[in-house]
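Ready for some practice in reading a protein model? Work through the exercises below, and try each one yourself before you look at its solution.

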Amino acid sequence: MTPETKVLILAVAGLSLCGCWLLFRWFRGPPSTPNPWDDKIEESLHRPDATPLCSRCLEPHQTEARFCPNCGAAVDPLVAFSPYLYIFAFGDMLRAGTARRFRVNWVTILGFLLLPLAFFPLLLAFVYWFVFLRNLQRLSPTGDGDSPRDTGIARSDDS
Ligand SMILES: [Zn+2]
């Protein structure tokens with residue numbers, strides 16, 4: 001074995017050990033915490049007796065509830081996988097495009113334009129798009145805002 005081969009083997013072994021160590025540190029790294037609250041609030045959120053809140057209206061609901069009793073939003077994450085209940089969750093989401101405020105950006109607009117095609121006949125999709133575009137016009141900053149339903153509706157692209 002030539003000296004160059006020994007140096008090459010040692011270099012490859014050293015780089016492999018460094019790579020394994022970096023991979024180990026990456027797996028063991030601290031979990032990312034995107035939440036703005038501290039550890040005390042995080043711990044209280046995961047207590048078994050914590051009261052769940054609706055993500056839309058912040059109203060407390062039962063732990064085993066599937067829909068919010070106040071606003072009707074799906075609060076159980078498994079509703080989307082239930083063959084019967086997902087229809088109601090999907091209908092609630094489509095209703096959000098026509099009657100409620102939502103985050104106005106190109107992803108949500110594209111979603112509200114494409115999803116009706118998967119569930120409605122084309123003629124009903126045109127009707128949905130018409131009502132959706134009227135709601136989108138009300139949400140835009142240049143909307144006329146004279147409708148009674150405009151109260152409290154604001155553009156929510158402040159993410
Ligand atoms: Zn609610």
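**Exercise 1.** Describe how helix α3 and helix α5 are placed relative to each other in this predicted model.

*Solution.* Start with what to look for: two packed helices are described by the angle between their axes and the distance between the axes. Here, the axes of α3 (residues 86-99) and α5 (residues 122-139) come within 6 Å and cross at roughly 55°. Angles under 35 degrees would count as roughly parallel, and 65 to 115 as roughly perpendicular. The pair α3 and α5 is therefore oblique.

Next, find the residues that meet: G97, T98 and A99 of α3 touch Y128, V131, F132 and N135 of α5. Sorted by class, this contact has four nonpolar and three polar residues, and no charged ones.

**Exercise 2.** Check whether the length of α5 agrees or disagrees with what its residue count predicts.

*Solution.* Take the 18 residues of α5 at 1.5 Å a residue, which gives an expected span of 26 Å. Then compare the end C-alpha atoms: they are 25 Å apart, so the two values agree.

**Exercise 3.** Work out which residues of α5 are buried and which are exposed.

*Solution.* First, the buried ones in α5 are Y128, F132 and N135. These cover an arc of only 60° around the axis, so they sit on the same side of α5. The other side of α5 has the exposed residues L122, L123, F126, F130 and Q137. Finally, ask what covers the buried residues: α3 and α4 (106-119) are among the elements that do so.

**Exercise 4.** Sum up the whole protein chain.

*Solution.* Count the elements: there are five helices and zero strands. Then look at burial: of the 159 residues, 6% count as buried.

Technical notes:
Residues numbered from 1 in each chain as written. Predicted model: local features only at pLDDT ≥ 70, side-chain atom pairs only at ≥ 80, totals over all residues. Axes fitted to C-alpha atoms, helices over the stretch in contact; angles between N-to-C directions. Helix = DSSP H or I, 4+ residues; strand = E, 2+ residues; numbered from the N terminus. Parallel < 35°, antiparallel > 145°, perpendicular 65-115°, else oblique. Contact = placed C-beta atoms within 7 Å. Nonpolar A, V, L, I, M, F, W, Y, C, P; charged D, E, K, R; others polar. Buried ≥ 20, exposed ≤ 12 C-beta atoms within 10 Å, placed from the backbone. Expected span 1.5 Å × (residues − 1). Arc of directions from axis to C-beta.
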